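Visitor: I'd like to learn how to read a fold from the model itself. Could you walk me through this one?

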Amino acid sequence: MDLAAAVGQVIRMTRQNLILTQQDLAEIVGMHFTAVGRVERGEWQARLKTLDSVANGLGIPLSELIRQAEELRRLRVGGPAAHRAEGL
């Protein structure tokens with residue numbers, strides 16, 4: 001899984017946990033709702049400034065968004081067996 005896809009999944013999961021629609025998030029951050037969808041699907045690699053706005057709109061720091069995306073990538077790439085071998 002590439003980073004854009006992982007970031008998009010974290011954005012989608014966080015948005016859904018907050019019971020926000022793509023339209024709601026788009027209005028909060030000043031984006032078009034189709035752009036939010038493209039970011040969530042990993043189709044568009046958003047600029048850092050845009051990701052920071054989205055993270056703020058979701059109420060999390062950008063660093064936390066990236067941390068969660070990296071964790072998701074690690075889990076998807078290595079799977080549980082790889083982590084047991086690493087002692088995690």
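Visitor: Let's start with the basics: how many helices and strands does the chain have?

Guide: Keep in mind that this is a predicted model. You'll find 5 helices and 0 strands in the chain, so the pattern along the sequence reads α-α-α-α-α.

Visitor: And what share of the chain's residues is buried?

Guide: To count as buried, a residue needs under 20% relative accessible area. Of the 88 residues here, 36% are buried. As for the outside, the chain exposes about 5400 Å², and 54% of that comes from carbon and sulfur atoms.

Visitor: Which residues touch the most other members in the largest nonpolar core?

Guide: A core like this is a set of buried residues of the nonpolar kinds, joined through side-chain atoms. The largest one has 22 residues, and those touching the most other members are I11, L25, M31, L51, V54, L58 and L65. Two or more core residues come from each of α1 (3–17), α2 (22–29), α3 (33–40), α4 (48–58) and α5 (62–85).

Visitor: Take L51, then. What does L51 touch beyond four places away in sequence?

Guide: Its partners there are V7, I11, V39, A46 and L62. For the chain as a whole, look at contacts with a separation of 6 or more: 60% of them join residues 24 or more positions apart.

Visitor: How do I read one helix, say α2? Which of its residues are buried?

Guide: Check which residues are hidden, then look down the axis. In α2, L25, A26 and V29 are buried. Their directions fall within an arc of 100 degrees, so these buried residues line one face of the helix. Among the elements covering them are α1, α3 and α4. Right after α2 comes G30, with a positive phi near 80 degrees.

Visitor: At what angle do α2 and α3 pack?

Guide: For a helix pair, read the angle and the axis distance together. Here the angle is about 110 degrees, and the axes of α2 and α3 are 8 Å apart. Angles of 65 to 115 degrees count as roughly perpendicular, which is why α2 and α3 get that label. On the α2 side, Q22, Q23, L25 and A26 make the contact, while α3 brings F33, V36, G37 and E40.

Visitor: One last residue: is T14 buried or exposed?

Guide: Compare its accessibility with the under-20% cut-off. T14, which lies in helix α1, has 14% relative accessibility, so T14 counts as buried. Setting aside neighbours within four places in sequence, T14 is in contact with L58 and Q68.

Terms used: Residues numbered from 1 in each chain as written. Predicted model: local features only at pLDDT ≥ 70, side-chain atom pairs only at ≥ 80, totals over all residues. Heavy atoms only, no water. Core = buried A, V, L, I, M, F, W, Y, C linked by side-chain atoms within 4.5 Å. Buried < 20%, exposed > 50% of the residue type's maximum accessible area, 1.4 Å probe, protein only. Helix = DSSP H or I, 4+ residues; strand = E, 2+ residues; numbered from the N terminus. Contact = heavy atoms within 4.5 Å. Arc of directions from axis to C-beta. Areas by Shrake-Rupley, 256 points an atom, 1.4 Å probe, with all protein chains shown as cover. Axes fitted to C-alpha atoms, helices over the stretch in contact; angles between N-to-C directions. Parallel < 35°, antiparallel > 145°, perpendicular 65-115°, else oblique.
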